[in-house]
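This report looks at side-chain contacts: charged pairs, aromatic pairs and charges over rings. Please keep the model open while reading.

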Amino acid sequence: MSCILCIDIGTSRIKTALINDRGEMPVMYSERIERAASPDVQDAIVWRETTLRLLKKMSGETEKFKPLAISLTGNMHALLGIGEDGEPVADAILWCANNAAAESQELIRKYPDFAKKYGNLPAPVFTLPKMLQCAQKTPEIYHKTKYFLQPKDDIGFLLTGKFATDPSDASGMMPFLPDERCWDFEMIRELGLDPEKFPEVIESAGIRGTLRKEIAEMTGLPEGLPVVCGAGDLATAALGCGASGNVLSLTLGTAGQLLASGPRGHWHDLPGKLFVFSHADPDYDLFLGSVPGGGFSYEWEAKQRNLPMEEFFRLAGAAELKDDLPVYLPYLLGRGAPYMDYIPSASWSGISAKHSVSDLCKATVFGPLAALRQSADLLSKLTGQDYESVVLQSLACREPAVRETASALFPQKKLMPENTEASLLGAAIIGMTAMNVYADMGPAIAEMVHCRTLPDSSPESKSAAGKLFQRYLAAADKI
């Protein structure tokens, strides 16, 4: 049976897995990595060393599960400069860094049609504002940089010696033309940036190179093993949970995310309301609705009440879903889509003496899900797509309180995936396509992604969720 060795470079954990052509994952190894001094930066040397350790461990499994190739994914929108010597010139600045707000606003002021051209407003989460800030405020780092890479592309360079990225990560770096799937070098020069610092863009299912002899000797993996370009974790997560066609995906990590795809070139009504990226599948574009403090809201509320997370979810599950619950707006880290601002503005409304701690926990669970339902409704309206199913992807969705609340709130059929590691599975789908096990990503998804249908909610719960959702929208519109 064919296998792909997949690597996922997360902000706090590195994962490696062997995944076969039926989507089964017989082996997975992961290791938590320590953050650098600041929570929004990471030492790339740490993720390189961790990846090599995991690959050495994984090599002991490859005799039984012989991989056809290595496929890559990782967190998006970072700023990482690599010097002439192939070493990082400074710590990677992660997507969550928001100190490039001034550069973002200047881009919006100077280029009012920016989003119409590139798919997204130049928010601080993206790479371009960070790059401009780097060039202006730390020119010594900028001038030492040969290429700016994303995390998965840094590992791709480590393994193969080739500098490259894929369209999904390039579209999050900007300025990248979604329809042409290429850098806008004219704009790059106009901004005073060096086009030579932007890596070559190859398709996600393209072969980046082969495993270098030096890395093969260090890890025990076979020299010359093909390394597939792969994609950013939003794109691989969408593939790995089957968010294709009329299927949505809902994820609650630190952020809350609603992922969907649409035929390539049909994105032009979305910019400024939802995020648009080039997809790993060249026939589609990738759409994202996001609330930055989605899953983080659960941790924050539990901490404020001195509750272990298990107790928070137990209390939330014990409360009835009623239309007179308090309304919680989960904007601890900004509002995200469709408002596209990142100024913290979380709030409560409608709390009365009759509400219990359980009610407040339930309302906290409801808030981020309501924000994602808002994105789902807007996406359907703008694209004209009738989405029939939503995949409840994240581990948080396996909590009964979250799963049951989502089931009542979302009108679509609810699906639960068998494999919770969507990004790794998505990387495997890309790898299988690259190695011609499947003709393209559609058949790969059909064979490798497996979900079960969840029971539907009662009419009473749906009615209460609908009324509470309308109260949520009214409260959100007042901000």
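## Side-chain contacts

Y298 is buried, with a relative accessible area of 2%. This value, like the others here, comes from a predicted model.

Y298 pairs with F313. The ring centres are 5.9 Å apart and the planes stand at 85°, so the pair is edge-to-face. It links distant parts of the chain: Y298 sits in helix α11 (residues 294-304) and F313 in helix α12, 15 residues apart. F313 is buried too, with a relative accessible area of 12%. Why do both rings count as buried? The cut-off is under 20% relative accessible area; Y298 has 2% and F313 has 12%.

### Aromatic pairs

The count comes to 13 aromatic pairs. One of them joins F126 and F277. This pair is edge-to-face, with 6.1 Å from centre to centre and 65° between the planes. F126 lies in the loop between α3 (114-118) and α4 (127-137), while F277 belongs to strand β17 (residues 275-278), so the contact ties together parts that are 151 residues apart in sequence. Are F126 and F277 buried or exposed? Both are buried. Ring pairs also bring in F275: together F126, F275 and F277 form a cluster.

### Salt bridges

How many salt bridges does the structure hold? There are 25. Three of them are set out here.

| Salt bridge | Closest N to O | Accessibility of the acid | Accessibility of the base |
|---|---|---|---|
| D21 and R22 | 3.8 Å | D21: 11%, buried | R22: 38%, partly exposed |
| E84 and K146 | 4.0 Å | E84: 66%, exposed | K146: 29%, partly exposed |
| D324 and K354 | 2.6 Å | D324: 29%, partly exposed | K354: 58%, exposed |

Take D21 and R22. Their side chains meet in a salt bridge at 3.8 Å, N to O. D21 is buried at 11% relative accessible area. R22 is partly exposed at 38%.

E84 forms a salt bridge with K146, the closest N and O atoms being 4.0 Å apart. The pair links distant parts of the chain, 62 residues apart. E84 is in the loop between β6 (80-83) and β7 (92-93), and K146 is in strand β8 (residues 145-149). At 66% relative accessibility, E84 is exposed. K146 is partly exposed, at 29%.

D324 and K354 form another salt bridge, with 2.6 Å between the closest N and O atoms. Where do the two partners lie? D324 is in the loop between α12 (309-318) and β19 (327-329). K354 is in the loop between β20 (347-349) and α13 (357-383). The pair therefore ties together parts that are 30 residues apart in sequence. D324 is partly exposed, with 29% relative accessible area. K354 counts as exposed, at 58%.

Salt bridges also build a network. Which residues does the network link? The members are K152, D153, D166, D169 and R208.

### Charges over rings

Two lysine or arginine contacts with tyrosine rings complete the picture. K197 lies over the face of Y142, 4.9 Å from the ring centre. R335 lies over the face of Y339, at 4.1 Å from the ring centre.

Note on methods:
Residues are numbered from 1 along each chain as its sequence is written. This is a predicted model: local features need pLDDT of at least 70, side-chain atom pairs count only at pLDDT 80 or more; totals for chains, interfaces and linings use all residues. Side-chain values use heavy atoms; hydrogens and water are left out. Buried means under 20% relative accessible area, exposed over 50%, partly exposed in between (1.4 Å probe, protein chains only). Helices (H or I, at least four residues) and strands (E, at least two) are DSSP runs, numbered from the N terminus. Rings of Phe, Tyr and Trp (its six-membered ring) pair if their centres lie within 6.5 Å; planes under 30 degrees apart count as stacked, over 60 as edge-to-face and the rest as tilted. A charge sits over a ring if NZ of Lys or CZ of Arg is within 6 Å of the ring centre and within 35 degrees of the ring normal.
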